[in-house]
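The following report describes a structure for a reader at the bench. Please consult the sequence and the structure alongside the text.

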Amino acid sequence: MRGSPARSLPSVLTLGAKHGESLVLAAEGEGARAAVEELAALVARDLDAQE
Amino acid sequence: MLTGIGIGAGNAAGPAARLAPAPVLSAPRTLASAEVPGEAAAVRAALREVATDLAERAATVTGAAAEVLSANAMTAADPALADRAAALVLDGTDGAHALTGAFGEFRAALVAAGGYFAERVADLDDLRDRSVARLLGLPMPGLPVPGHPYVPVAEDLAPADTALLDPGEVLALVTERGGPTSHTSILAKALRLPAGVGCADAGALADGRTVLVDAAAGTVATDPTPQAVTAAAERERLRRERAGRAHGPGRTADGEGVGLFRTEFLYLDRAEAPSVAEQTDAYRTVFAAFAGRWGGGHAHAVSAWGATMTWWTWTCAGCATSWPWPKSAASSGPPAACT
């Protein structure tokens, strides 16, 4: 498994995560749980789909 | 008078504004230790200023251009990128090469990831060029922001440039390179701008010089007389008036037509491209449904292909009826309701 800091857009891109691959999101500090849940929900839906 | 390949329709005149070329790096230099702190600060400042500049421009536009600019601003402001460039400076690398090195590492990783990721290297290259230009005090590469309508003049337009073109500010396009199917030409047609591409001598055009781009003639006149500009504007007015009179649905001479065959839907919703055999099978299924139908009755067009490849939507070109058509019914052809 490879990791990258989520605050760095190019680092996240260079993970090269492709369709169907699993991501593990981690955060610490105040509001960490809510932040991770929100991000997970975002990743779980089809981002290319028409809203 | 410059001669090239005319693209699009009509003509337009306006002041030329050049897209500055990417900065060319001189040989790398090893920094003296006393220079290091200042150079590291300058590198960070260059990235910050590029990010601020892009974010400010993003706020002035909407749609795709705003999204591209915002994403690029976010990348330029990336702490990992700045830290890496600063680390290279601490090792004694001069700022321009440190920036190039830091961007280069992210670039290599994106290229290695391939596909859609690799296409993003154009954005990184643009940010690298902007940061280096800012650091060295060179003209900012990319689209100019003259603050008035203008005719961009470039060696060629990069995809990133074309996404950011403001159709309200751009009167026509002139490029030194490119041909009828190049990116610039496709954009010119989409925006209905007259363009002269492949104008080999366009490199000599100075900023602010008036050019008259005539798409039909494939010419770019430099310093046209006011009379020539007025006459061209009148031709353009008449052309638009004629174009405005043509309306109503389009039709082919024999009244038959098949809509766009949206083969790209085969590629959606999956990680790997469909195999040749799979594509052949899918196309054959569609074409089989048209067997014997080319000469009479209402032609049917596949207007949408379900991303999961389990259904299509058919639209009748004759009476515009649409209905979903399950793949399981492929062998029986489209419903006979209006054939």
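## Contacts and architecture

Apart from neighbours within four places in sequence, Leu13(A) is in contact with Leu110(B), Phe117(B) and Arg120(B), where contact means heavy atoms within 4.5 Å. Leu13(A) belongs to helix α1 (residues 9-13) of chain A. With a relative accessibility of 24%, Leu13(A) counts as partly exposed; buried means under 20% relative accessible area, exposed over 50%, and partly exposed in between, with a 1.4 Å probe and protein chains only.

This is a predicted model, in which local features need pLDDT of at least 70 and side-chain atom pairs count only at pLDDT 80 or more, whereas totals for chains, interfaces and linings use all residues. Residues are numbered from 1 along each chain as its sequence is written, chains are lettered from A and ligands numbered from 1 in the order in which they are written, and side-chain values use heavy atoms, with hydrogens and water left out.

Chain B contains 10 helices and 11 strands; helices (H or I, at least four residues) and strands (E, at least two) are DSSP runs, numbered from the N terminus. Of the 339 residues in chain B, 40% are buried. Among contacts in chain B with a separation of 6 or more, 56% join residues 24 or more positions apart. The exposed area of chain B is about 17,200 Å², of which carbon and sulfur atoms supply 58%; areas come from the Shrake-Rupley method with a 1.4 Å probe, and for residues only the protein chains shown count as cover.

An open sheet of 8 strands in chain B follows the order β1-β8-β7-β3-β4-β5-β6-β2, with mixed pairing. Its edge strands, β1 (2-3) and β2 (5-7) of chain B, each pair on one side only; two strands pair if DSSP finds at least two bridges between them. Strands β3 (residues 11-18) and β4 (residues 151-154) of chain B pair in the parallel sense over 3 bridges, and Ala17(B) stands opposite Pro152(B) in β4(B). Helix α9 (residues 226-245) of chain B packs on the sheet and touches β3 and β7 (210-214) of chain B, its direction making about 125 degrees with that of β3(B). Axes are lines fitted to C-alpha atoms, for helices over the stretch in contact, and angles run from 0 to 180 degrees between N-to-C directions.

## Salt bridges

Over all chains, the whole structure holds 19 salt bridges, each defined as a side-chain nitrogen of Lys or Arg within 4 Å of a carboxyl oxygen of Asp or Glu. Three of them are tabulated here.

| Pair | Closest N to O distance |
|---|---|
| Arg239(B) and Glu236(B) | 3.0 Å |
| Glu236(B) and Arg240(B) | 2.9 Å |
| Arg270(B) and Glu278(B) | 2.9 Å |

Arg239(B) and Glu236(B) are separated by about one helical turn because they are 3 residues apart in helix α9 of chain B. Glu236(B) and Arg240(B), 4 residues apart in that helix, are likewise separated by about one helical turn. Glu236(B) is buried at 7% relative accessible area, Arg239(B) is partly exposed at 23%, and Arg240(B) is exposed at 53%. In the remaining pair of the table, Arg270(B) is partly exposed at 27% relative accessibility, and Glu278(B) is partly exposed at 26%. Elsewhere, a network of salt bridges links Arg107(B), Asp125(B), Arg128(B) and Asp129(B).
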